[in-house]
Each structure stands twice: as C-alpha cells, then as structure tokens.
Amino acid sequence: MQFRTRAIHVGQDRDPATGAIVPPIHVASTFVQPDASMTAAYDYARTASPTRGGFEATLAALDSGTRALAFASGMAATHCVTQLLAPGDRIVTGTDIYGGTWRLFNKLLTGHGITITAVDTTDIDAVRQALSHGSTKLLWIESPGNPLLSITDIAACAEIAHAGGALLACDATVATPALSRPLDHGADIVMHSATKSIGGHSDLLGGALVTRDAELGTRLHWLQNATGGVMGPFEAFLCSRGLKTLELRVRAQSATALGLAEWLLAHPRVKTVHYPGLASHPGHAVARRQMTGGFGSLLSFELDGDVATARRVVESTRLFQLAVSLGAVESLIELPAVMSHGSYEPAARRAVGIADGLIRLAVGLEAFEDLRDDLAAALA
Ligand SMILES: Cc1ncc(COP(=O)(O)O)c(C=O)c1O
C-alpha cells in the first residue's frame with residue numbers, strides 16, 4: 001500500500017461491536033481481567049490502551065518501523081530516549097536543534113552525569129571526530145534542523161554511530177514521515193513532536209518514537225511505562241485523524257514554502273534565506289536524497305537590518321500569526337532568538353549561527369498569494 005492508503009487503513013479498523021467506520025475513543029484507565037494472571041491484551045492504560053495503540057500502529061507503518069510509542073509531548077519522547085543512558089555516558093548532538101532539546105541536554109542531563117558534545121552534524125568529519133570518545137552512547141540529530149534548516153546526512157551519521165557503538169536518533173518533526181523516513185537510512189530511533197504536523201491543527205500536545213529493532217522498541221516501552229509520560233486517548237484520536245491527511249497537508253505546505261523561499265530570496269530587503277528546497281542551500285543535494293515529495297513547511301530568513309526591524313516585521317504580519325510551533329493549518333511567524341530558541345544561552349545561540357534577527361516562518365495551508373502579500377506588506 002502507498003503511504004496515504006496506509007495512513008487511512010492501517011491500525012484504524014472499524015469497531016467490531018457497532019460497525020462504526022471510525023474506531024471509538026477508549027477512555028478507560030483500567031481493564032477487567034478474565035483471571036488474575038494479567039495476560040489480557042490490556043490491563044492498565046499507562047502500559048497500553050486501544051486508542052493510543054491504533055495511532056501507534058498507523059505511525060509505525062508510515063515511518064518504516066515495527067513499533068511506535070506515543071507520548072504526552074515531543075519532549076517526553078526525547079526524554080525517554082535519554083533514559084537509555086547512564087551517568088558517565090555522552091550524547092553527541094547537532095547544534096541546529098530545537099531549543100527545548102538543547103535545554104534538556106545542556107541544562108538537565110549534564111547535572112545527571114551525562115556529557116554533551118555539540119557539533120555541526122552537517123560536517124561529517126566533525127561528527128566522526130566527536131564520536132571518537134568511547135563514552136558516546138547516543139548521536140542525536142535533527143534534519144531538517146531548526147531554525148536554520150540545516151540538512152544532516154542520516155546514512156553517514158548512522159554508519160559513524162554504529163561503528164562507535166552508539167545509537168542514532170533523529171528528530172524528524174520538521175520533515176514528518178510523509179517526506180523522510182530516517183529508519184530507511186539507518187537511524188535506530190525516530191522522534192516526532194506530534195504537536196506539529198501529525199496533529200496538524202494546533203489543538204494538541206503529543207510526541208512519538210518509532211523503531212525497527214524489536215529489542216530497542218521493547219526497552220523504550222519499558223522506560224515509557226516506568227516513567228509514565230504517555231499520550232492520552234483524545235490526543236491519540238486526533239493524531240490518528242491527522243495522519244490521514246498528513247501527506248496532502250505537508251505536500252501543499254512544502255509547495256507554498258518553496259514559493260515563499262524563492263520570493264524572499266529575490267526581495268531587496270532580505271539578506272539570507274534558509275530553505276533546503278532552494279538549489280543554493282548547502283544541504284540541497286543531501287535533502288534531495290533523503291526527502292521525497294517536498295522539503296517541508298519551515299523556513300527562516302534574515303533581513304538587511306537590525307533586530308528592531310526584524311521585530312517590527314514579525315509584529316506586523318496579519319495572516320502569519322506571532323507564535324511558536326509549526327506544521328499546523330495556520331501560518332506562524334516568530335523570532336527564534338527570543339521565542340522558540342530563547343532557552344539557549346545567547347552566546348551559544350549566536351555561535352551556532354542563530355542570529356538575533358533571524359525570522360522563522362511555519363507555513364500553513366493558506367493560499368500562497370495571500371501569504372506572499374502579507375509578507376510583502378510587513379516588509380514594505
Ligand atoms: C523540532 C522539534 N522537536 C521537538 C519539539 C518538542 O515537542 P513538544 O513541544 O511537543 O514537546 C519541538 C517543539 O517545538 C520541535 O519543534
């Protein structure tokens with residue numbers, strides 16, 4: 001089955017009791033057992049529940065995995081991966097990563113005895129060098145990266161991680177399974193903030209991990225059950241519904257984002273545009289290899305002007321709303337330095353290339369012409 005057919009039919013069986021074409025939302029927290037041996041498919045909803053299980057089955061089938069685990073948020077999913085490590089272990093991470101991930105790694109895990117080494121993961125020699133520390137147990141990448149839309153070669157990172165005895169985890173929130181499936185390129189774990197394109201309508205928080213290796217999937221499920229940050233049934237229902245239109249939404253958003261990136265590139269007030277769909281983007285060739293059907297809904301740009309100018313622009317669009325997040329039907333605009341990536345230390349943020357005046361756009365499903373005119377008015 002093709003991607004969009006799987007999105008509609010896998011894990012979403014009609015209700016056998018009523019024939020309802022949409023599976024019901026199971027809200028039960030506990031399940032009556034036929035006997036005391038606890039061998040029924042469901043016993044307690046933190047461990048497994050039918051509505052969450054349906055979403056997990058669909059997502060695993062879309063992401064080339066054998067198992068998916070749904071969490072209360074993307075950060076809960078990321079945190080679960082880090083629970084595979086022990087004090088003394090090291091995480092090698094990209095520099096162009098979501099601010100909340102940076103905060104978890106650098107401000108929380110370091111206090112628990114985990115060492116963090118940040119490298120530009122678009123530089124494969126730098127990744128190899130960083131992995132030469134024997135203590136590295138996890139290589140964490142984000143591709144496309146956020147907010148600079150850097151492209152990391154997933155297959156090359158998988159080879160380096162595995163040669164060094166480490167796991168490769170890829171935050172594929174920006175790409176979504178509709179455009180990129182990191183497990184096909186050798187990643188061990190894929191992470192999604194389901195809050196973004198999977199939910200797709202700015203009305204839920206969720207996260208997910210997807211694996212192919214059965215043992216790793218079982219280990220992560222054990223950690224998820226032990227720590228408890230699971231997705232609730234209403235969110236799981238909305239995520240299942242979101243997956244059914246994911247490919248259509250993401251392809252349409254990608255086409256609009258490419259159009260806007262090209263338009264911005266030609267605008268006299270714009271200094272730089274970061275979008276992997278542009279031939280001028282340094283990661284374009286790798287992106288073409290590991291993404292299909294588009295380059296995603298996220299882009300960023302810098303103006304020829306100071307921070308105050310950038311601030312005026314993000315505060316004056318009318319369709320692009322001033323808010324963090326991405327992947328929903330509404331287009332959003334923000335200043336990463338003080339919004340989505342405000343948890344970075346300013347010096348660390350500038351060192352990795354996230355300028356104070358960088359503007360990030362999350363393109364929604366409005367018409368290209370309306371979004372372009374909105375930006376044109378704000379830039380005038
Ligand atoms: C790329 C990326 N990864 C992870 C997260 C964290 O996800 P959540 O907000 O669902 O915890 C976000 C949230 O903005 C994100 O953009």
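In this predicted model, strand β4 (residues 136-142) is largely enclosed by the rest of the structure, because 7 of its 7 residues are buried. Burial here requires 20 or more other C-beta atoms within 10 Å of a residue's own. Two strands pair with β4. Strand β2 (residues 90-94) and β4 run in the parallel sense, with 4 bridges between them. Strand β5 (residues 167-171) also pairs with β4 in the parallel sense, over 5 bridges.

Leu 139 of β4 has a partner in each of these strands: Val 92 stands opposite Leu 139, and Leu 168 in β5 stands opposite Leu 139 as well. When neighbours within four places in sequence are left aside, the contacts of Leu 139 are Val 92, Leu 131, Cys 157, Ala 161, Ala 166 and Leu 168. The two residues that face Leu 139 across the strand pairings, Val 92 and Leu 168, are thus found again in this contact list.

Leu 139 also belongs to the largest nonpolar core, a set of 103 residues. Together with Ala 70, Ala 169, Ala 208, Leu 209 and Leu 299, Leu 139 is among the residues with the most contacts inside this core. The element that gives the most to the core is helix α9 (residues 233-265), which contributes 12 residues. At least three residues of the core come from each of domain 1 (3-241) and domain 2 (246-379).

These two domains are the ones given by the domain assignment of the protein chain. The C-alpha centres of domain 1 and domain 2 are 25 Å apart. Their contact involves 33 residues of domain 1 and 36 residues of domain 2. On the side of domain 1 that touches domain 2, at least two residues are supplied by each of α1 (3-9), α4 and α7 (176-179). Helix α4 gives the most to this side, with 4 residues. By class, the residues on this side of domain 1 comprise 14 nonpolar, 14 polar and 5 charged.

The ligand is surrounded by 16 residues, of which the closest are Ser 73, Gly 74, Tyr 98, Ser 193 and Thr 195. Two elements, α3 (74-82) and α4 (99-108), give two or more residues to the shell around the ligand. Helix α4 therefore appears both in the ligand shell and on the side of domain 1 that touches domain 2. The shell around the ligand is made up of 10 polar, 4 nonpolar and 2 charged residues.

Conventions:
Residues numbered from 1 in each chain as written. Predicted model: local features only at pLDDT ≥ 70, side-chain atom pairs only at ≥ 80, totals over all residues. Near = placed C-beta within 6 Å. Nonpolar A, V, L, I, M, F, W, Y, C, P; charged D, E, K, R; others polar. Core = buried A, V, L, I, M, F, W, Y, C linked by C-beta atoms within 7 Å. Buried ≥ 20, exposed ≤ 12 C-beta atoms within 10 Å, placed from the backbone. Domains from an automatic or database assignment. Contact = placed C-beta atoms within 7 Å. Pairing = 2+ DSSP bridges.
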